[in-house]
Amino acid sequence: ARLVHVVLALVLGVGAVVIGVELNDREAAAAHHAEQRERATSIEASLTYAQENAGDTPASGAILPEKTQNALDTATTTLIEIAGAGGDDTAELAGIGQLISRYTEALAAGEPAQAKQILDGDLLPAVRQLQATHSAVASTVVAWWMWLVPVGAWLAVATIVGIAWYTARASRRVVNIGLAV
């Protein structure tokens, strides 16, 4: 009975440590990706704001309106923050950066129709894909094997109660005090 108790305690202890470490890693990754998703959402909002204010865009070669320029600067800065925070999506970020540059050039060239086409056809879908990627990782569910420790703990409780009952019956006691404690 003691040997079974010790083995159960060791198995549950090791399982709890392994799952605790894994859950800690998953929580850190989820927090990172949730923050990255917020940044990607900020890029989308800045680009949408820039487009809304692009109606005031002057002819080719003129300076962009201040609101539009500020929104584009915010989108670019946020993209740099995403890249600086690390991750495995550098090619995707580089593509979005190039699209922002093409979009800005089209606005500066006095071609709002082409700029809108770049924004709606390529840029916003790329940013939304970035959001979806980070969202998927941030909301990753618990792996099936992580449920082994709680289920194993309840099975261990049942085993311990069974052992205590059997030992008490074999020793002709109502309760085996040592095993119960």
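Which backbone oxygen lies 3.1 Å from a polar atom of the side chain of Thr68? The backbone oxygen belongs to Asn53. With that detail in hand, let's look around the rest of the model, which is a predicted one.

## Overall fold

The chain contains six helices and zero strands. Following the sequence from start to end gives the pattern α-α-α-α-α-α. The radius of gyration is 29 Å, well over the 16 Å that the globule rule gives for 181 residues, so the chain is more spread out than a compact globule. The C-alpha trace spans about 100 × 25 × 20 Å along its principal axes.

Of the 181 residues in the chain, 29% are buried. The accessible surface comes to about 11100 Å², and carbon and sulfur atoms hold 63% of that area. If you are thinking about contact order, here is a handy figure: among contacts with a separation of 6 or more, 72% are between residues 24 or more positions apart.

## Two threonines of helix α2

Back to Thr68, which sits in helix α2, residues 66–84. Its relative accessible area is 0%, so Thr68 counts as buried; the cut-off is under 20%. Setting aside neighbours within four places in sequence, Thr68 is in contact with Ala50, Asn53, Ala54 and Leu107. Asn53 thus appears in this contact list and also supplies the backbone oxygen that lies 3.1 Å from a polar side-chain atom of Thr68.

Helix α2 also holds Thr78. This threonine is buried too, with a relative accessible area of 7%. Not counting residues up to four places away in sequence, Thr78 touches Arg39, Ser42 and Ile43. One of those partners, Arg39, comes up again in the salt bridges below.

## Salt bridges

How many salt bridges does the structure hold? There are five. One of them joins the side chains of Glu22 and Arg26, with an N to O distance of 2.9 Å. Both residues belong to helix α1 and are four residues apart, about one turn of the helix. Glu22 is partly exposed at 24% relative accessible area, and Arg26 is partly exposed at 28%.

Arg39 has a salt bridge with Glu35, where the closest N and O atoms are 2.7 Å apart. These two are separated by about one helical turn, because they are four residues apart in helix α1. Arg39 counts as buried, at 18% relative accessibility, whereas Glu35 is partly exposed at 40%. Arg39 also meets the side chain of Glu81 in a salt bridge, at 3.8 Å from N to O. That pair links distant parts of the chain, with Arg39 in helix α1 and Glu81 in helix α2, 42 residues apart. Glu81 is partly exposed, with a relative accessibility of 40%. Through shared partners, salt bridges join Glu35, Arg39 and Glu81 into one network.

## Start of helix α1 and helix α5

Leu3 is found in helix α1, which covers residues 2–52. At 65% relative accessibility, Leu3 is exposed, because that value is over 50%. Together with Val7 and Val11, Leu3 makes a nonpolar surface patch of about 300 Å².

Thr159 lies in helix α5, residues 148–170. Is Thr159 buried, exposed or partly exposed? At 33% relative accessibility, Thr159 is partly exposed. The side chain of Thr159 reaches the backbone oxygen of Leu155 at 2.8 Å. Leaving out neighbours within four places in sequence, Thr159 is in contact with Val4 and Leu8. From C-alpha to C-alpha, Thr159 and Arg39 are 50 Å apart in space, and 120 residues separate them in sequence.

Methods
Residues numbered from 1 in each chain as written. Predicted model: local features only at pLDDT ≥ 70, side-chain atom pairs only at ≥ 80, totals over all residues. Heavy atoms only, no water. Buried < 20%, exposed > 50% of the residue type's maximum accessible area, 1.4 Å probe, protein only. Polar contact = N/O pair within 3.5 Å; in protein donor to acceptor, adjacent residues only side chain to side chain. Contact = heavy atoms within 4.5 Å. Patch = residues over 30% accessible without salt bridge, like charges linked within 9 Å, V, L, I, M, F, W, Y side chains within 5 Å. Areas by Shrake-Rupley, 256 points an atom, 1.4 Å probe, with all protein chains shown as cover. Salt bridge = Lys/Arg side-chain N within 4 Å of Asp/Glu carboxyl O. Rg over C-alpha atoms; globule rule 2.2 N^0.38 Å.
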